[in-house]
Amino acid sequence: MTAITTNRAEFLFAGKAEFTLQSKESLAHFTYKLTASKDGQMFFVALLGQDGKQYAGCIPADKRTEFRTTRRSLIRRDHRAIVALEWFLKHLDSPQVEVHHCGRCGRCGRKLTNPESITRGIGPECAGKATSTARAAVAPVQGSEPPPNYQTEADAESRAAWDAHDRLHGAA
Ligand SMILES: [Zn+2]
């Protein structure tokens, strides 16, 4: 476990970020994975724990302070891990919370080896890409609903993993 000491947002929204949040005060900690949908419009949130990986909800790419549950969410909204995450999304730079990654690049999942990459949670090749991809993803959906073809363009891999896209869309 290594603490992220530089740009936390860059790491968290890199696409495959796996991390643990720990409160410095209570020492309570929870582990999450934020996976970007292929179209870049959503981040799926899973809670990682002793029971394995549980789908919790999603974060819209254009409203990154908002965690949303969907009908497929397996974690209750008032679960401490969700309350903690919601608070953290609005206070990314809070010194009250430590962000630890598991030694893998938040974007591609490869093992991080150089010290600079370790402090940012993103490898040297991915460092520039993460930001530009995020910007590109946000641009077409600002302040609007997902486009009609949202469902068909949904990331097949994420769908299989979470099966959340169509439910979310249906609920909209
Ligand atoms: Zn990488």
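Here a biologist asks a modeller how the descriptions of this predicted model are justified.

Biologist: Let's start broadly. What makes up the secondary structure of the protein, and in which order do the elements run?

Modeller: There are 6 helices and 6 strands. Starting at the N terminus, the order is β-α-β-β-β-β-α-β-α-α-α-α.

Biologist: What makes you call the sheet open, and which strands stand at its edges?

Modeller: The 6 strands are ordered E1-E6-E2-E3-E4-E5, with antiparallel pairing. Strand E1 (2-3) and E5 each have a single partner strand, so one side of each lacks a neighbour in the sheet.

Biologist: How do you know that E3 is paired on both sides?

Modeller: Two strands count as paired when DSSP finds at least two bridges between them. Strand E2 (residues 16-23) and E3 have 7 bridges, and E3 is joined to strand E4 (residues 42-49) by 6 bridges. Both pairings pass that cut-off, and both are antiparallel. As examples, alanine 17 stands opposite leucine 34 in E3, while threonine 35 has phenylalanine 44 in E4 as its bridge partner.

Biologist: Which residues in the hairpins take a positive phi?

Modeller: In the hairpin of E2 and E3, with 5 residues between the strands, leucine 27 has a positive phi near 65°. The hairpin of E3 and E4 also has 5 residues between its strands, and there glycine 40 in the turn has a positive phi of about 75°.

Biologist: Why is E3 described as largely enclosed?

Modeller: A residue is buried if 20 or more other C-beta atoms lie within 10 Å of its own. In E3 (residues 29-36), 6 of the 8 residues are buried, so the strand is largely enclosed by the rest of the structure. For the protein, buried residues make up 34% of the 172 residues.

Biologist: And why is glutamate 66 called partly exposed?

Modeller: Buried takes 20 or more C-beta atoms within 10 Å, and exposed takes 12 or fewer. Glutamate 66 has 13, so it falls in between and is partly exposed. This residue is in the loop between strand E5 (52-60) and helix H2 (80-90). Beyond four places in sequence, glutamate 66 touches Ile59 and Pro60. Its C-alpha atom is 7.3 Å from that of leucine 89, which is 23 residues away along the chain.

Biologist: Which elements supply the largest nonpolar core?

Modeller: Helix H1 (8-12), E2, E3, E4, E5 and H2 each give at least two residues. The core has 32 residues, and Tyr32, Leu34, Phe43, Phe44, Val45 and Ala46 touch the most other members. E4 provides the largest share, 6 residues. H2 lies across E2, E3, E4, E5 and strand E6 (97-101), at about 65° to E3.

Biologist: What surrounds phenylalanine 43?

Modeller: Phenylalanine 43 stands opposite isoleucine 59 in E5, and 8 bridges join E4 to E5. Leaving out neighbours within four places in sequence, phenylalanine 43 has contacts that include Phe13, Leu34, Cys58 and Ala61.

Biologist: How confident is the prediction, and where is the pLDDT below 50?

Modeller: The mean pLDDT is 81, and 74% of the residues reach 70 or more. Over residues 135-172 the pLDDT is below 50, although this stretch has 46 contacts in the model beyond near neighbours in sequence. Where pLDDT is low, the predicted coordinates should not be read in detail.

Definitions and conventions
Residues are numbered from 1 along each chain as its sequence is written. This is a predicted model: local features need pLDDT of at least 70, side-chain atom pairs count only at pLDDT 80 or more; totals for chains, interfaces and linings use all residues. Helices (H or I, at least four residues) and strands (E, at least two) are DSSP runs, numbered from the N terminus. Two residues are in contact if their C-beta atoms, placed from the backbone, lie within 7 Å. pLDDT is the predictor's confidence in each residue, from 0 to 100. Axes are lines fitted to C-alpha atoms, for helices over the stretch in contact, and angles run from 0 to 180 degrees between N-to-C directions. A nonpolar core is a set of buried Ala, Val, Leu, Ile, Met, Phe, Trp, Tyr and Cys residues joined through C-beta atoms within 7 Å.
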